[in-house]
Structure formats: C-alpha cells, structure tokens
Amino acid sequence: MGKDLTEIFSIYKNQESDLIPILQAIQTKNGYLSENSIIQVSKFTGVPESEVYGVATFYTQFRFSPIGKKHIMVCKGTACHVLGATKIAEGIERHLGIKEGEITFDMEYSLESVGCLGCCALAPCAMINNEVESKITLRNIKKIFKIKKKTIPYQNTKIPPEKLITHNKGK
Ligand code: FES
C-alpha cells in the first residue's frame, strides 16, 4: 500500500503501550490495517509483527481488508433480529449483489453484520458510514441505497484479490 504513516508516528511514542492507539489511528486514516502498515507499526514500536497481528486480531474493531466508500453495518442484535434483520440483510445482499464480508467490485459498498447498534427503538436498522437507517423494510431498501442497477455494474464478487489481505480474524 505504501501509505505514509509518518504523521501518525509523529504523534505517538515508539513504545508498546501506544500500540492500540496507533492501530486505531491507522484504521481511521486508511479504513483498515494493511499488511504493510502492520510491518511499519512493528518497526516503529519494536513489537514483533506476529504480536502486532495478535493484538489487532484480538479486538473486533480492527479490519484487515478495505471497505467500500459506503460501509454498511446491518444490525442483527435481538430487537432487530425479532423484527426481521436476517431478511433485511438478505435483501441488501441481493440488492448490492454481494454477501456479508464482501465489497462491490467498484469499491463503493461493503457489507457486514454487527450486534446491537444502540438504537433498538428504530429497529430494524443499519448504519451506512456514520448514519443510522431506521425501520428498514424490504420495500425501502432500494430507496435507501439509491442504486440504479442499470447504470452501476455491480458484480457478485469478493474484494479484488490484489487488494485483499488474507488474514482470518480469530483463527
Ligand atoms: S438490536 Fe439493533 S439496534 Fe439494538
């Protein structure tokens, strides 16, 4: 990737106790932790790469592959589940042409499911970047994503292989 992390490294001390804040800052900047960024963090902090990976994979907040410009988090917490979150997630998958954990070929949308988003009164809901979409129905999915299928060539594909960092969280 080669994204410059000098600015981030200038804010923190090169010590192990700053590892998590550094990883958080990189993810905020780049959207995910690339293999290269892990190597750079390892060099900066002196923590072995395997340990940096170990810490990053321990916390579910960290990602190891890119997300779309619009990252969708479908809530599958209890309240949303009771009100049909699974069907909503399937509807979004069908509409975007991707499955959970995938990204559209044009890198516009990525999709994941999460636990409670903290707005159960608005269930079933999802977040698109930082905005909550509430009381989603199968009918209003199209409106929410404002996608013209005719003009945007979505493909049922995973992240392009050259952009994918293969690292299985929790394994
Ligand atoms: S269960 Fe979905 S917001 Fe709480």
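In this predicted model, Leu111 touches Ile72, Val74, Ile92, Glu93, Leu96, Ile98, Glu100 and Glu102, leaving aside residues up to four places away in sequence. A second, separate core, of eleven residues, counts Leu23, Ile38, Ala56 and Phe64 among its members. Leu111 itself belongs to the largest nonpolar core, which has 19 residues. Along with Leu111, the residues with the most contacts inside that core are Val74, Cys75, Ile92 and Cys125. At least two residues of this largest core come from each of β1 (70–75), α6 (85–96) and β2 (109–114). Helix α6 makes the largest contribution, with five residues. As a general background to such groupings, nonpolar side chains in soluble globular proteins tend to be buried together.

Attention now turns to helix α3, which spans residues 35–45. Its buried residues are Ser37, Ile38, Gln40, Val41, Phe44 and Thr45. These residues lie on the same side of α3, because the arc they cover around the axis is only 165°. In an α-helix, there are 3.6 residues a turn, so residues three or four places apart point the same way. The partners against which the buried residues of α3 pack are three helices: α1 (6–11), α2 (19–30) and α4 (49–58). Just after α3 comes Gly46, with a positive phi near 80°.

The pairing of α2 with α3 can be followed residue by residue. From α2, Leu19, Ile22, Leu23, Ile26 and Asn30 take part, and they meet Ser37, Val41 and Thr45 of α3. By residue class, this contact consists of five nonpolar and three polar residues, with no charged ones. As for geometry, the two helix axes come within 11 Å of each other and cross at roughly 145°. The crossing of α2 and α3 is right-handed. Two of the residues already met link this pairing to the second core: Leu23, on the α2 side of the contact, is also listed in that core. Ile38, one of the buried residues of α3, is likewise a member of the second core.

Helix α2 also holds Gln24. Is this residue buried, exposed or something in between? With 15 other C-beta atoms within 10 Å, Gln24 is partly exposed, because a residue counts as buried from 20 such atoms upward and as exposed at 12 or fewer. Gln24 also offers an example of a long step in sequence bridged in space: Phe62 is 38 residues away along the chain, yet the C-alpha atoms of the two residues are 7.7 Å apart.

How values were computed: Residues are numbered from 1 along each chain as its sequence is written. This is a predicted model: local features need pLDDT of at least 70, side-chain atom pairs count only at pLDDT 80 or more; totals for chains, interfaces and linings use all residues. Helices (H or I, at least four residues) and strands (E, at least two) are DSSP runs, numbered from the N terminus. The arc is that of the directions from the helix axis to the C-beta atoms. Two residues are in contact if their C-beta atoms, placed from the backbone, lie within 7 Å. Axes are lines fitted to C-alpha atoms, for helices over the stretch in contact, and angles run from 0 to 180 degrees between N-to-C directions. A crossing is left-handed if the near helix is turned anticlockwise from the far one by less than a right angle, and right-handed if clockwise. Ala, Val, Leu, Ile, Met, Phe, Trp, Tyr, Cys and Pro count as nonpolar, Asp, Glu, Lys and Arg as charged, and the others, Gly among them, as polar. A nonpolar core is a set of buried Ala, Val, Leu, Ile, Met, Phe, Trp, Tyr and Cys residues joined through C-beta atoms within 7 Å.
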